[in-house]
Amino acid sequence: MENPYDYIKPIKDEKRFADRKNELKEIEYVLDLTKGGTYFNVAILGERRVGKTSLLNIIAKGAGKRNLLTVMIKLDENNANLLEVFKMIEERIISEGSKYGLFPKWKDYFSQLINGVEKIEIPLLLPKIYFSKKSRGDMDVSYTTLENDMEKFWEKVNKKVDGIVIMVDESQLLARDKALLQRIRNLFETIDGYVLIFSGTPDMLEGLSEVFSPIDRFFVKVYIGPFKNKEDAEEAISKPISNMDIKFDKDSMNRIIEISRRYPYEINLISHFAFRTSQEKGENVIKLDQNVLESVTIQVQKMKEYKGMFDSLAEKEKDFITWFVEVGSSVDRTSLAEHLKEDKEDAREIKEIRNSLTMYFKRLMRKRIIEKDKTEGRRVFYKIKDPWLELYVRYGQKPEV
Ligand SMILES: Nc1ncnc2c1ncn2[C@@H]1O[C@H](COP(=O)(O)OP(=O)(O)OP(=O)(O)O)[C@@H](O)[C@H]1O
Ligand SMILES: [Mg+2]
């Protein structure tokens, strides 16, 4: 059965998306400017869980309707560097462009490259360089390479679309390296056709010194926070159930607005449990009773505890747990090593990866985060001890797109 209040994943569906009218208006204005050949950039700034990714999802829909080729990339600890960022951008532009019949499918383009086909359809430089190198770790990408590729894309697509929108989620991760932000600015400042929409926590543009201040001017800034008006919070509560034969009790709705302080995440969290309780009772008026509040409190407490615990771990340990959860509920050294080799493109031999993991298995056993699960022959499998921690790692820390 469906519960229309999702506090875990960012919103994709306009039917569940409330308000942000002013923010959307501002951003849509920038998108409309592309028709006249003017390309501005936007930085969406907001604290965690305030609705940045959801807003990006809705903007992407609006951009699609405006005949703009739109790609979204999501940064994380491992890919927030120049090479990875542009690899993702190029791959996505080719994939999106192939839907317009502008490029071959990424897969086909890929095999043209690997097989060294003579007459390649778009003469991009980055993929070529990338494939000609065996070890990619310390590869440097030159400015001209990227400029060439971005120009080639625009030359090719501008006959069909009015612009290329590149959305970058979690872009505060670029802020650690202001020089990288500056390179991106310098690149897109000189070429036409691109609208960058960066979204991240406010520290993304904090601490820009005199040297980097042009970065600040490069973006039209849009700040998002809790819903501004009571009506907007009401919309967030009532919109998801508008096509159902069920309603919120007026007082309960007011309580939710009060308790949530109009933060969208909190609204969805509380409404989720209120909806669930009313369904269980078979009632068609949703109320905020003691039971609901208790479920919510427990949930919030758990999340806080796990956040505190998780944040206190070393970065490598966090990575380890995240990979562990990606592999499955029962994991041994070999299965984790195989996952790293395949998914994270670790160039080392399985045996070498496996050995490098031993220390983390031991350490996290000692911290009682993982425990032995089962033994099959000589292979010992482990699981995350607390299933709630597993849930937290899977869904709780950074919602997936
Ligand atoms: N406009 C909106 N209308 C209704 N609910 C929303 C809206 N924006 C966000 N939410 C709720 O808030 C939650 C968090 O939203 P989202 O993941 O987009 O935030 P975020 O700022 O990207 O968070 P993070 O910083 O952790 O990436 C969503 O799961 C959804 O429940
Ligand atoms: Mg987000």
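Which residue just after helix 3 takes a positive phi? It is Gly 101, with a phi of about 75°. Keep that residue in mind. We will come back to its helix shortly.

Good morning, everyone. One caution before the tour. What you see above is a predicted model.

Let me start with the overall layout. The protein is divided into three pieces: domain 1 covers 20–223, domain 2 covers 230–310, and domain 3 covers 314–396. Take the centres of domain 1 and domain 3 over their C-alpha atoms. They are separated by 33 Å.

Now to helix 2, residues 52–65. Start with its length. There are 14 residues, and at 1.5 Å a residue they should span 20 Å. The end C-alpha atoms are indeed 20 Å apart, so expectation and model agree.

Is helix 2 enclosed or open? Of its 14 residues, 10 are buried, so the rest of the structure largely encloses it. Here are the buried ones. At the start come Lys 52, Thr 53, Ser 54, Leu 55 and Leu 56. Then there are Asn 57, Ile 58, Ile 59, Gly 62 and Ala 63.

What covers them? The cover includes helix 1, at 21–33, and strand 1, at 42–45. It also includes strand 2 (69–74), strand 3 (164–169) and strand 4 (194–200). And just after helix 2, look for Asn 67. Its phi is positive, about 60°.

Let me stay with one of those covering elements, helix 1. Two packed helices are described by the angle between their axes and the distance between the axes. For helix 1 and helix 2, the angle is about 40° and the axes are 11 Å apart. Helix 1 and helix 2 are therefore oblique to each other. The crossing is right-handed. On the helix 1 side, the residues that meet helix 2 are Glu 23, Leu 24, Ile 27 and Leu 31. On the helix 2 side, they are Leu 55, Ile 58, Ile 59 and Ala 63. Those four from helix 2 are also listed among its buried residues.

Back to helix 3, as promised. It has 18 residues. From first C-alpha to last it reaches 26 Å, close to the 26 Å expected at 1.5 Å a residue. Which of its residues are buried? Leu 82, Leu 83, Val 85, Phe 86 and Met 88 are. So are Ile 89, Glu 90, Ile 93, Ile 94 and Gly 97.

Helix 3, residues 82–99, has a partner in helix 6, residues 143–157. Their axes come within 12 Å and cross at roughly 15°. That makes helix 3 roughly parallel to helix 6. This crossing is left-handed. Helix 3 contributes Leu 82, Phe 86, Ile 89, Glu 90, Ile 93 and Ile 94 to the contact. Helix 6 contributes Leu 146, Asp 149, Met 150 and Phe 153.

Helix 6 also packs on helix 7, residues 178–190. Here the axes come within 10 Å and cross at roughly 40°. That makes helix 6 oblique to helix 7. The crossing is right-handed. From helix 6, the contact uses Tyr 143, Leu 146, Glu 147 and Met 150. From helix 7, it uses Arg 183, Asn 186, Leu 187, Phe 188 and Thr 190. Leu 146 and Met 150 also appear in the contact with helix 3.

Next, the loops. Glu 170 sits between strand 3 and helix 7. Its phi is positive, about 60°, although it is not a glycine. Buried or exposed? Its relative accessibility is 6%, so Glu 170 counts as buried. Glu 345 is another non-glycine with a positive phi, near 50°. Find it in the loop between helix 14 (333–343) and helix 15 (350–366).

Two single residues to finish. Glu 234 lies in helix 9, residues 230–238. At 19% relative accessibility, Glu 234 counts as buried, the cut-off being under 20%. Setting aside neighbours within four places in sequence, it is in contact with Lys 250, Met 253, Asn 254 and Ile 257.

Last, Asn 3. This residue is in the segment before helix 1. It is buried, with a relative accessible area of 18%. Asn 3 and Gln 279 are 276 residues apart in sequence, yet 9.4 Å apart in space, C-alpha to C-alpha. Which residues does Asn 3 contact, leaving aside neighbours within four places in sequence? Arg 16, His 272, Phe 275 and Arg 276.

That is the tour. Thank you.

Methods
Residues are numbered from 1 along each chain as its sequence is written. Chains are lettered from A and ligands numbered from 1 in the order in which they are written. This is a predicted model: local features need pLDDT of at least 70, side-chain atom pairs count only at pLDDT 80 or more; totals for chains, interfaces and linings use all residues. Side-chain values use heavy atoms; hydrogens and water are left out. Helices (H or I, at least four residues) and strands (E, at least two) are DSSP runs, numbered from the N terminus. The expected span of a helix is 1.5 Å times one less than its number of residues. Buried means under 20% relative accessible area, exposed over 50%, partly exposed in between (1.4 Å probe, protein chains only). Contact means heavy atoms within 4.5 Å. Domain bounds come from an automatic or database domain assignment. Axes are lines fitted to C-alpha atoms, for helices over the stretch in contact, and angles run from 0 to 180 degrees between N-to-C directions. Angles under 35 degrees count as roughly parallel, over 145 as roughly antiparallel, 65 to 115 as roughly perpendicular and the rest as oblique. A crossing is left-handed if the near helix is turned anticlockwise from the far one by less than a right angle, and right-handed if clockwise.
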